[in-house]
Amino acid sequence: MATVRAFIRTTLRSRDSKVFIRFRLSDGRKIQLFHKSEFLVNPDAWDDKKECIKGKILYSPSERARLEFAVSARKALLIDLYENAKNKESLTSAGFEKLIDMKLHPGKYEEEGKDQKDFYYWFRKFLDVKNYSPTDEKNYETMMRMLRRFEMFQKVRFGDDYALECK
């Protein structure tokens, strides 16, 4: 059973500074995934044990309620995404962060697919179809960068109309 904890990580405890709330999803001893949210909180106001704003700190009631709701909703989202992930054992924090971003900002990824049906779009689709090991994924990313450099070289050599195509 996966659990999610909200925490802050800072060495600076100042009243003027704010830090991001971070989340750690753990499933047993082997799997720990991290996510840095966009929620800001004053480090002096954060209660690590209760994972919320301290009760005696003066925060506006609406701000306190908004932040507590946002933290609990993000915890539920993280658990839901992890439980529905295809290959949980090979999931990394970076891959998990991408899943979260795709869920929170779906328009960003839909536009990318609609406008960009070039070779690299299909190469990315190829990588997404099957869950490769992190090493294999890095190797494919390296190959994609090599192909981009080759394409840039050919554009200099033959003109700007050169591009790798999928037919």
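Author: Let's start with a term we'll need: buried means under 20% relative accessible area, exposed means over 50%, and partly exposed is anything in between. One more thing before you dig in: this is a predicted model.

Reader: Okay, let me try that on a residue. Is Lys-88 buried, exposed or partly exposed?

Author: Lys-88 has a relative accessible area of 22%. Partly exposed covers the range between the two cut-offs, so Lys-88 counts as partly exposed.

Reader: And which side chain does Lys-88 meet in a salt bridge?

Author: The general idea first: you look for a side-chain nitrogen of Lys or Arg within 4 Å of a carboxyl oxygen of Asp or Glu. Here the partner of Lys-88 is Glu-83, at 3.4 Å from N to O. Glu-83 is partly exposed too, with a relative accessible area of 36%.

Reader: How many salt bridges does that rule give?

Author: The count comes to six. One of them pairs Lys-75 with Glu-51, at 2.4 Å from N to O. That pair ties together distant parts of the chain, 24 residues apart: Lys-75 belongs to helix H1 (residues 61–83), while Glu-51 is in the loop between strand E4 (46–47) and strand E5 (52–53).

Reader: Are Lys-75 and Glu-51 buried or partly exposed?

Author: Take them one at a time. Glu-51 has a relative accessible area of 11%, so Glu-51 is buried. Lys-75 comes out at 21%, so Lys-75 counts as partly exposed.

Reader: Which residues do shared salt-bridge partners join into one network?

Author: Arg-5, Glu-51 and Lys-75. To read a network like that, follow the shared partners from one salt bridge to another.

Reader: What about a salt bridge inside one helix, say the one between Arg-66 and Glu-63?

Author: Both of those residues lie in helix H1, three residues apart, and that is about one turn of the helix. Their closest N and O atoms are 2.7 Å apart. Arg-66 is partly exposed at 43% relative accessible area, and Glu-63 is partly exposed at 27%.

Reader: Now a charged residue without a salt bridge. How far is Glu-151 from the nearest side chain of opposite charge?

Author: That side chain is Lys-155, 4.7 Å away. A salt bridge needs the atoms within 4 Å, so Glu-151 has none, yet Glu-151 is buried.

Reader: Where is Glu-151, and what does Glu-151 touch?

Author: Glu-151 is in helix H5 (residues 134–158). Leaving out residues up to four places away in sequence, Glu-151 touches Tyr-120, Tyr-162, Ala-163 and Leu-164.

Reader: Let's zoom out. How many helices and strands does the protein chain have?

Author: Five helices and five strands. Follow the sequence and you get the pattern β-β-β-β-β-α-α-α-α-α.

Reader: What is the radius of gyration of the protein chain, and what would a compact globule have?

Author: The protein chain has 21 Å, whereas a compact globule of 167 residues would have a value near 15 Å. You can also picture a box: the C-alpha atoms fill one of roughly 70 × 35 × 30 Å along the principal axes.

Reader: How much of the protein chain is buried, and how much area is exposed?

Author: Of the 167 residues, 31% count as buried. The protein chain exposes about 11,900 Å², with carbon and sulfur atoms supplying 54% of that area.

Reader: And how many charged side chains are there?

Author: There are 35 positive and 27 negative side chains, and the centres of the two sets lie 6 Å apart.

Technical notes. Residues numbered from 1 in each chain as written. Predicted model: local features only at pLDDT ≥ 70, side-chain atom pairs only at ≥ 80, totals over all residues. Heavy atoms only, no water. Helix = DSSP H or I, 4+ residues; strand = E, 2+ residues; numbered from the N terminus. Rg over C-alpha atoms; globule rule 2.2 N^0.38 Å. Buried < 20%, exposed > 50% of the residue type's maximum accessible area, 1.4 Å probe, protein only. Areas by Shrake-Rupley, 256 points an atom, 1.4 Å probe, with all protein chains shown as cover. Lys, Arg positive; Asp, Glu negative; His and termini not counted. Charge placed at Lys NZ, Arg CZ, Asp CG, Glu CD. Contact = heavy atoms within 4.5 Å.
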